[in-house]
Amino acid sequence: MNLYPRSFLRLILTGWLLTALPLLIAIAFASVSLKGLSERSAISMLETAEAARLAWELDEDILTMERLLRQYEALQDRSLIDDYLLAQKEWSSHLDELVRLPLLASLSDEVSAIRTLEATAQPPLLADAPDVEPMLNTFEALKNRISGLIKEIDRLSEAERQTFRNEAERLQQQLLIAIALALLAALLLFWAGQRTVAQLFRGVERAVIALGNNLLERPIELKGTNDLRWIGKRLEWLRRRMLALEEERTRILRHVSHELKTPLAALREGSSLLADGVAGPLSIQQDQIAAIMQGNVLRLQALIDGLLKLQQAEHVRERIEPVSLRLDELVQQILATHKLAARDKHLRITGRLAPLTLVGGREEITTIIDNLLSNAVKFSPPRGTVRIELSRNMQNAVLDVFDEGPGVPEEERKMIFEPFYRGTAAKSVAGVGLGLAIARELAVAHRGMLEYLSDEAATHFRVTLPLTAELP
């Protein structure tokens, strides 16, 4: 089941949407929270403002009522009682408004007590001959109760304002946390998306590199969007096509090499018989021609053998028989086969061989080392020095071969491992240009590598091989 979107563009868009989603949620949360806080703030401001107004009105009302009664006491004007009753009615209306405010709903009992206190002292005022003394005596208690009520209103208003400030601070903290979490989630999603895209492209990269390195054994199957899967199918088609061409090339090379061996053997035998005088004595000129024929036949024989070895090296991984090898002893044995050539050029061979045991194919490892040491001896100038270093680097054996030959120009270093390539410095040395190509193929078959390292003082080749090769 393919969980990816159908196209890579949709995958990118989905990734961006998922990355933006936490930020959008944080923005929505902030918007809703701020809207709620704004509405709560407006209601709170209206209630506290109304409470402040009512507190001021109540204080003014009680002072007006007391002033009217004292004026009546002094002037005995009945209209002043009527004015008092109007002021008392307005005062009572303000009390009604006060208890209707949600902010001051808790003061309803106190308001009822104040009403009762005022109502108890009011009847003498309604008589034909109003008596204001009981009411005036009650006013001191009324003013104290009203003063306490106003203080309670102020306290409740301040508590409401403080509650609002606390809510605002708490909301601010929540918004900061929400934004931080949203950014963190967005970064995690962005990282996950980037990793997913990189993984998809890494699959394409691995497939292309495998094709470029002629590693055609493993089928190519890319996971991901439909367009990437389509690319995977095209690459798989290309792999099969390259595999078929490689098999055809190998078959043709094998047949041609086999067919050439028979006439080549006849030519070699014939040139040898001519050179040995079996067919009769040769003149000096004829002897030279026979020698030229022999040399070219031997060169052609080496070329065919090299082609066969290269063809075998390209497919050697399946045929390697891993055995335990003492690499230092194997190097010594191979050096012994080159002693005569080194002695003819008066070469000095030095170095240090660490005692290392490696698991790999004996014939293949021998070919790698022999090709490197053979090149070092061939390209070294007379009375030069060849240095060999065998060491261990973690789980790898590292063999470094130095010689004092002409080296490899920088522009040729990428091509020296190609079959039949012979650099400018190799023109004067016999060979067909297959030794390094074969050695590299065999090193790769052992999950290792062969490389040329830049060294101004010497020509330096290094082969790195795992001590415990993962071979089929």
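**A tour of the enclosed cavities**

Begin by selecting Leu 372, Asn 375, Ala 376, Val 401, Asp 403 and Phe 461, the residues that line the second largest cavity. Two elements, H9 and E5, each give two or more residues to this lining. Colour H9 separately, since the largest share of the lining, three residues, comes from that helix. The model in the viewer is a predicted one.

Next, colour the selected residues by chemical class. The lining of the second largest cavity divides into four nonpolar residues, one polar and one charged. The space they surround has a volume of about 30 Å³.

How many cavities of 30 Å³ or more does a search of the whole structure find? The search finds two, and the tour now turns to the largest, which has a volume of about 50 Å³.

For this stop, select the following residues, which line the largest cavity:

- Leu 327, Ile 365, Ile 368 and Ile 369
- Ala 397, Val 398 and Leu 399
- Val 463 and Leu 465

Then display the secondary structure around the selection. Helix H9 (362-379), strand E5 (396-403) and strand E7 (459-466) each supply at least two residues of the lining of the largest cavity. H9 and E5 are therefore worth keeping in view, as they also give two or more residues each to the lining of the second largest cavity.

Finally, apply the chemical colouring to the lining of the largest cavity. Here the residues divide into nine nonpolar, no polar and no charged, whereas the lining of the second largest cavity includes one polar and one charged residue.

How values were computed. Residues are numbered from 1 along each chain as its sequence is written. This is a predicted model: local features need pLDDT of at least 70, side-chain atom pairs count only at pLDDT 80 or more; totals for chains, interfaces and linings use all residues. Side-chain values use heavy atoms; hydrogens and water are left out. On a 1 Å grid over the protein atoms alone, a cavity is a set of points where a 1.4 Å probe fits but cannot get out, and a pocket is an open set with protein on both sides within 12 Å along at least five of seven lines; lining residues have an atom within 4 Å of a point. Grid points are joined across faces, edges and corners, and a volume is the space filled by probe spheres set on the points. Helices (H or I, at least four residues) and strands (E, at least two) are DSSP runs, numbered from the N terminus. Ala, Val, Leu, Ile, Met, Phe, Trp, Tyr, Cys and Pro count as nonpolar, Asp, Glu, Lys and Arg as charged, and the others, Gly among them, as polar.
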